[in-house]
Amino acid sequence: MIIKLTKLQELPDAAHPNNIEVGFEKMLYVDKVFKPMKGVRFPPMSYWSTSVVTEIIDENTFKTLNSVYKWEVLDEN
């Protein structure tokens, strides 16, 4: 499966400011789709992941220690 993460915003109190640019997009191949969960990096057990998720904003948007991200499934096969 392929998921896409897009950085929408950097938090004013980011733990690591200016780390990843707003608008950054990352495509990841994962075995199965995981939903973001508070207290866990997203996606878990991946070679690349966000910092720890601190808040679920809606079904496809979440906040981490540093940023706000949108995620979507591009290909389920």
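**From one threonine to the sheet and the pocket**

Thr 64 lies in strand β4, and this residue makes a convenient place to begin reading the structure, which is a predicted model. Thr 64 counts as buried because its relative accessible area is 2%, and buried here means under 20%. Although hidden in this sense, the side chain of Thr 64 has a partner, for a polar contact of 3.2 Å joins it to the side chain of Ser 51.

From Thr 64 we can follow the strand outward. Strand β4 covers residues 61-64 and pairs with strand β5, residues 67-75, in the antiparallel sense, with three bridges between them. One residue that shows this pairing is Lys 63, whose bridge partner in β5 is Val 68. These two strands belong to an open sheet of five strands, with antiparallel pairing, in which the order runs β2-β1-β5-β4-β3. At the edges of the sheet stand β2 (25-29) and β3 (53-58), each of which pairs on one side only. From one strand to the next, the twist averages 30°.

The structure also holds open space that can be examined. Rolling a probe the size of a water molecule over the atoms shows where empty space is left. The largest pocket contains about 160 Å³ of space, and 13 residues line it, of which Asn 19, Ile 20, Thr 50, Ser 51 and Asn 66 are the closest to its centre. Sorted by class, the lining of this pocket consists of three nonpolar, eight polar and two charged residues. Ser 51 therefore links the two parts of this account, since Ser 51 is among the residues closest to the pocket centre, and its side chain makes the polar contact with buried Thr 64.

Key: Residues are numbered from 1 along each chain as its sequence is written. This is a predicted model: local features need pLDDT of at least 70, side-chain atom pairs count only at pLDDT 80 or more; totals for chains, interfaces and linings use all residues. Side-chain values use heavy atoms; hydrogens and water are left out. Two strands pair if DSSP finds at least two bridges between them. Helices (H or I, at least four residues) and strands (E, at least two) are DSSP runs, numbered from the N terminus. Axes are lines fitted to C-alpha atoms, for helices over the stretch in contact, and angles run from 0 to 180 degrees between N-to-C directions. On a 1 Å grid over the protein atoms alone, a cavity is a set of points where a 1.4 Å probe fits but cannot get out, and a pocket is an open set with protein on both sides within 12 Å along at least five of seven lines; lining residues have an atom within 4 Å of a point. Grid points are joined across faces, edges and corners, and a volume is the space filled by probe spheres set on the points. Ala, Val, Leu, Ile, Met, Phe, Trp, Tyr, Cys and Pro count as nonpolar, Asp, Glu, Lys and Arg as charged, and the others, Gly among them, as polar. Buried means under 20% relative accessible area, exposed over 50%, partly exposed in between (1.4 Å probe, protein chains only). A polar contact is a pair of N or O atoms within 3.5 Å; within protein, one must be able to donate a hydrogen and the other to accept it, and residues adjacent in sequence count only if both atoms are side-chain atoms.
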